[in-house]
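Thanks for coming. I have one structure today, and I will take the interface, then the ligand, then a few local points. Please look at the sequence and the model before I start.

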Amino acid sequence: MNAERAEHARGLLHQMLRVRRFEEKCVELYSAAKIRGFMHVYIGEEAVAAGVLATLEPEDAVVATYREHGHALLRGVPAGAILAEMYGFEQGCCRGRGGSMHLFDAATRFFGGNAIVAGGLPLAIGLALADKMAGRSRVTACFFGEGAVAEGAFHESLNLAALWRLPVLFCCENNLYAMGTALARSESQTDIALKAAAYEIPAWPVDGMDVLAVEEAARRAGAAVRGGAGPHFLELRTYRFRAHSMYDPERYREKAEVAQWLERDPIDLLRATLEAAGDLPEPTWAEVQASVDAEVQAAVAFAEAGTLEPVEELTRHVYTDRDDTDRDDTERNRPKRMPT
Amino acid sequence: MTLHDTAPTPLRAPVTLTMAAALNAAIQDAMRDDPTVVLFGEDVGPLGGVFRVTDGLYAEFGESRVSDSPLAESGIVGTAIGMAMYGLRPVVEMQFDAFSYPAFEQIVSHVAKMRNRTRGRVQLPLVIRIPYAGDIGGVEHHSDSSEAYWTATPGLTVVSPSNPADAYSMLREAITSDDPVIFLEPKSRYWAKAELSLPVRTAPMNTAAVLREGTDVTLIAYGPTVKTALATAELAVAEGLSIEVIDLRSLSPFDDETVGASVRKTSRAAVLHEAAQFGGYGAEVAARLTERNFFHLAAPILRITGFDIPYPSPKLEEYFLPTPDRILAALGTWEWN
Ligand SMILES: Cc1ncc(C[n+]2csc(CCOP(=O)(O)OP(=O)(O)O)c2C)c(N)n1
Ligand SMILES: [Mg+2]
């Protein structure tokens, strides 16, 4: 690799490692009951978010799923604000109201995780249509799992995007399973790119474990989208190394299959490539790791220092013009801490 | 014919079951007894469902009667309609309360209306099981109490058990019912245990049960709030207050007879639910009881409920849910003389 390309690849390695270490910490904190609710980690799939997000501009938009810690982090939402959100604290990026599955940050145009499978697709269409109407050449990158492909909202969205030639980059994270249901048990056509092609959307499969391949594909597709060529679709073939969520007996796949995919860990793959080319000297790798560890540590410290929003404020923000009011005017039905 | 008309089956030896296991046994027994009962939904097969309610059924009955559906809630319910029209008895699962909303159109526009639309020529003997309500450290979409959407829809029978015995008996009855049943399973009670001799039969599904007798106040609860009501009644003893606790069991139809009799006896009543108050199910209960029993009431019927907000984050849910303290405080706002 030439020096510039090596530097760039090291940057991607750094980004993937940020997600990996951050989520490993999340799992630990979940086990310690610091994080509650439902949590889904992206471990194994980091190359997808890292590759695609590296190609986006600040004015572009990102829409994701409930497995979105990595997307938020790489989009620039501070790790501390993400973690505090997962703790349910008011210092979080949604004041603690979103939690792990509903991270949101308008400043970085990160328009949400979404706990409803396929829930993000139609709204991505709306963002893109608004951009198009305003004559802005921006891209809306919309991430969703292959499980979402079975929902009606997926098909409505693809049709609308193609019909109106909207600037959407569809990023299907095909990790082969929707919870415990394997792709072949849920789709008659398992070649997902073909489904998009049926809507006249240019689509192609990409090795989602190879961050450089993901980036290359996203850059090409994104340039076309930005240039007014209408929606494009990437089927990113990847694998989740961990359970679907924190409760999952994993009865639906063989250990050997997981082991096979672990061989293709996207972080190990890129690291090996760089090392083989002599582009990742040990001290550099140590530095990358140290900086990631420091970031995670700082995020934990930030979250640990967080506070719950006052119970009395729970009725705020439900409506624009009714802040601080409740639909019930009697004292009885307003949230408050009961004297103990 | 309903389950209650059939000859009782000999009881098996008592076993301790959680509500999830009791539901599982109900589906299993129904499938053994009736080959037209079929089961499908997201991950109900080999995985056995998120709450393990369908555990082992795929192994016993095989792919033809127990199948995993793709993520397509609207398709799941619509398919059940067609199968029911041809005489099968589908039992389908919506994985969590809020995931039933993509199927809303099928449920409200077709499941609820088919019988009326065909002047009774088409029956839909299907059951839609929905884990609902909170208190499990979940978040929005995973803790919703969606009962008012269903009870506001004529044509749907809506029931909710609060304990393992009712869970078994009511689900068996729901499966034999020739009308479609929305079967709401309170998530926080899935792990509640009881010793049961199966096939246990409790009161008919469309009746309310007086779980504790009292003379001063009637607390009307269902599903997840029944436990809260019982705990409140226990605490109230120390305050010299005698609380009668009613478990509605059936939200639609509403058992006017049982609940009305209790309210006329105590002259005071409060309804409990986790769902938001405005336009909630409690409003119907309060209005209905008031219309029928106004001259027996000593005080307005209260609603003690979740607040008018989306379900809060896990660490704040204890302030959202009606608790015995909040209930007793609310009862204290009545004039007592
Ligand atoms: C409408 C809806 N139905 C069901 C669920 C429950 N659920 C959450 S994630 C999931 C699997 C989704 O699989 P996929 O889209 O492939 O994404 P992955 O989890 O593999 O990233 C299911 C069934 C949901 N969140 N929303
Ligand atoms: Mg998947």
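How many residue pairs are in polar contact across the interface of chain A and chain B? The rule finds nine such pairs, both residues of each being at pLDDT 80 or more. Keep in mind throughout that this is a predicted model.

On the chain A side, the residues that touch chain B divide by class into 19 nonpolar, 15 charged and 10 polar. In residue terms, 44 residues of chain A are in contact with 46 residues of chain B. Interface size is often quoted as the accessible area lost when the parts come together. For chain A and chain B the buried area is about 3,800 Å². Carbon and sulfur atoms give 61% of that area.

There are three salt bridges between chain A and chain B. One of them pairs the side chains of A:R185 and B:D68, with an N to O distance of 2.9 Å.

Next, the ligand. Which residues are closest to ligand 1? They are A:Y66, A:R67, A:A115, A:N175 and B:E73, out of 21 residues that surround the ligand. Because residues from chains A and B surround ligand 1, the site is shared between chains.

Three contacts with oxygen atoms of ligand 1 are on my list, and here they are in turn. A:R67 places a polar side-chain atom 2.7 Å from a ligand oxygen. At A:G147 the contact is through the backbone, where a polar atom is 2.9 Å from an oxygen atom of ligand 1. A:A148 also uses a backbone N or O atom, at 3.3 Å from an oxygen atom of ligand 1.

Now the salt bridges over the whole structure. The search finds 40 over all chains. Among them is the pair A:E313 and A:R95, whose side chains meet at 2.8 Å, N to O. This pair links distant parts of the chain, with the two positions 218 residues apart in numbering. A:E313 is in the segment after α12 (282–304) of chain A, whereas A:R95 sits in the loop between α4 (79–87) and α5 (120–133).

On to chain B. The UniProt record, an unreviewed entry, places a "domain: Transketolase-like pyrimidine-binding" feature at residues 17–192 of chain B. Over that range the chain is 36% helix and 17% strand. The C-alpha atoms at its two ends are 8 Å apart.

Some backbone details remain. Where in chain B do we find B:P199? B:P199 is in the loop between β8 (193–196) and β9 (209–212), and a cis peptide bond joins it to B:L198, with omega about -5°. Another cis peptide bond joins B:S252 and B:P253, with omega about 10°. B:P253 belongs to the loop between β12 (250–252) and α9 (256–266) of chain B.

Back in chain A, A:E200 has a phi near 65°, a positive value in a residue other than glycine. A:E200 is in the loop between α8 (192–198) and β6 (203–207) of chain A.

That is the tour. I will take questions now.

Definitions and conventions:
Residues numbered from 1 in each chain as written. Chains lettered and ligands numbered in written order. Predicted model: local features only at pLDDT ≥ 70, side-chain atom pairs only at ≥ 80, totals over all residues. Heavy atoms only, no water. UniProt positions renumbered as here; feature names shortened; annotations may be inferred. Helix = DSSP H or I, 4+ residues; strand = E, 2+ residues; numbered from the N terminus. Contact = heavy atoms within 4.5 Å. Buried area = accessible area lost by both parts, 1.4 Å probe. Salt bridge = Lys/Arg side-chain N within 4 Å of Asp/Glu carboxyl O. Polar contact = N/O pair within 3.5 Å; in protein donor to acceptor, adjacent residues only side chain to side chain. Nonpolar A, V, L, I, M, F, W, Y, C, P; charged D, E, K, R; others polar. Near = heavy atom within 4 Å.
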